[in-house]
Amino acid sequence: MGQANVTDRDILIGIATAVVVRLFIRPGGRPVPGWLLVPIALGAAFVVPPSLAGIADALHRATWLPTVTFGAAFIGGWVGLLVLTIAERKGQPRRVPIWAGVVSGVLATFLVPPLLDLATGRYQNASLRADVNHCTRGMTGQVQPREVSNLCDFDIVVGLCMPGEVNPTPCAQAFTIPPGESAVLDPGDTRLSSVPGNPNGLTVVACRPPDRPSRWGNVTGRGYRGVCLPPG
């Protein structure tokens, strides 16, 4: 059996779920016992992320709906939670109605990410779209990727970003590849960005159209990671 790969984000989701349960779920008028919060957090860390991924994929297929990233939903959730809790006092009637928290969370989900982008001059994590690197063959793990195939049943766009091309600029080399087809990239003499030996090299990433491939600096300040920008 394969081992579950739990990320820092999954752990954060588990903790957030336990906090919400503690604050808002009151069976018999009493808060959920503290000892139950640990299994609730562990269960949420394993169950919620794949569930959210499935919902996100379904929403992505519904082209008439606006795309909501995990980061945007996370911001909206915490804003809604903050609105519902910041003015409340233990043992007193609720001051802020539930609907106000929901509306605040929805507004934050859609308004905060573009405001952050505007203030910084580049797309922030809450606006970035999920990549589809798993759909490719010949791209990942290659120091100089040259031929990339699409293994999925939908079109993908593969981008090769050279030094100097960075968020919010898309990769100059970007190829839309239909299912089962391939595209040839031209890395020249440039090699893949890697730390510590070659932090300023090229970067490759696959996105789902109309998202656009680009890259962004790692949180360490050295090297780059491929990202998918929203449609321009």
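**A three-stranded sheet, a nonpolar surface patch and two loop residues**

Three strands form an open sheet in the order E4-E3-E6, and their pairing is antiparallel. Strand E4 (173-177) and strand E6 (203-207) lie at the edges with a single partner strand each, so one side of each has no neighbour in the sheet. From one strand to the next, the twist averages 15°. All of this, like the description that follows, refers to a predicted model.

A closer look at the pairing of E3 and E6 helps to place the sheet along the chain. Strand E3 covers residues 156-161, and five bridges join E3 to E6 in the antiparallel sense. Within this pairing, Cys161 has Thr203 of E6 as its bridge partner. In general, the strands of a sheet pair through backbone hydrogen bonds, in either a parallel or an antiparallel manner.

The loop leading to E3 offers a useful landmark. Asp155 sits in the loop between strand E2 (147-150) and E3. With a relative accessible area of 37%, Asp155 is partly exposed, because this value falls between the limits of 20% for buried and 50% for exposed. Once residues up to four places away in sequence are set aside, Asp155 touches Asn150, Thr176, Ile177, Pro178, Pro179, Arg208 and Pro209. Among these, Pro178 is 23 residues from Asp155 in sequence, yet the two C-alpha atoms are 4.5 Å apart in space.

Turning to the surface, a nonpolar patch is formed by Val68, Ile98, Trp99, Val102, Val103, Val106, Leu107, Phe110, Leu111, Leu115 and Leu118. Together these residues present about 1100 Å² of accessible area. One of them, Val102, belongs to helix H4, which spans residues 98-120. The relative accessible area of Val102 is 49%, so this residue counts as partly exposed, the exposed class being reserved for values over 50%.

After H4 comes a residue with a contrasting setting. Ala126 is found in the loop between H4 and strand E1 (136-137). Its relative accessibility is 10%, and Ala126 is therefore classed as buried, for which the limit is under 20%. Beyond its neighbours within four places in sequence, Ala126 makes contact with Thr69, Gly71, Ala72, Ile75 and Pro113. Ala72 is a good example of a partner distant in sequence: 54 residues separate it from Ala126 along the chain, while their C-alpha atoms are 4.8 Å apart.

Technical notes
Residues are numbered from 1 along each chain as its sequence is written. This is a predicted model: local features need pLDDT of at least 70, side-chain atom pairs count only at pLDDT 80 or more; totals for chains, interfaces and linings use all residues. Side-chain values use heavy atoms; hydrogens and water are left out. Two strands pair if DSSP finds at least two bridges between them. Helices (H or I, at least four residues) and strands (E, at least two) are DSSP runs, numbered from the N terminus. Axes are lines fitted to C-alpha atoms, for helices over the stretch in contact, and angles run from 0 to 180 degrees between N-to-C directions. Patches are made of residues with over 30% relative accessible area and no salt bridge: like charges are joined within 9 Å, nonpolar side chains (Val, Leu, Ile, Met, Phe, Trp, Tyr) within 5 Å. Accessible areas come from the Shrake-Rupley method with a 1.4 Å probe; for residues, only the protein chains shown count as cover. A salt bridge is a side-chain nitrogen of Lys or Arg within 4 Å of a carboxyl oxygen of Asp or Glu. Buried means under 20% relative accessible area, exposed over 50%, partly exposed in between (1.4 Å probe, protein chains only). Contact means heavy atoms within 4.5 Å.
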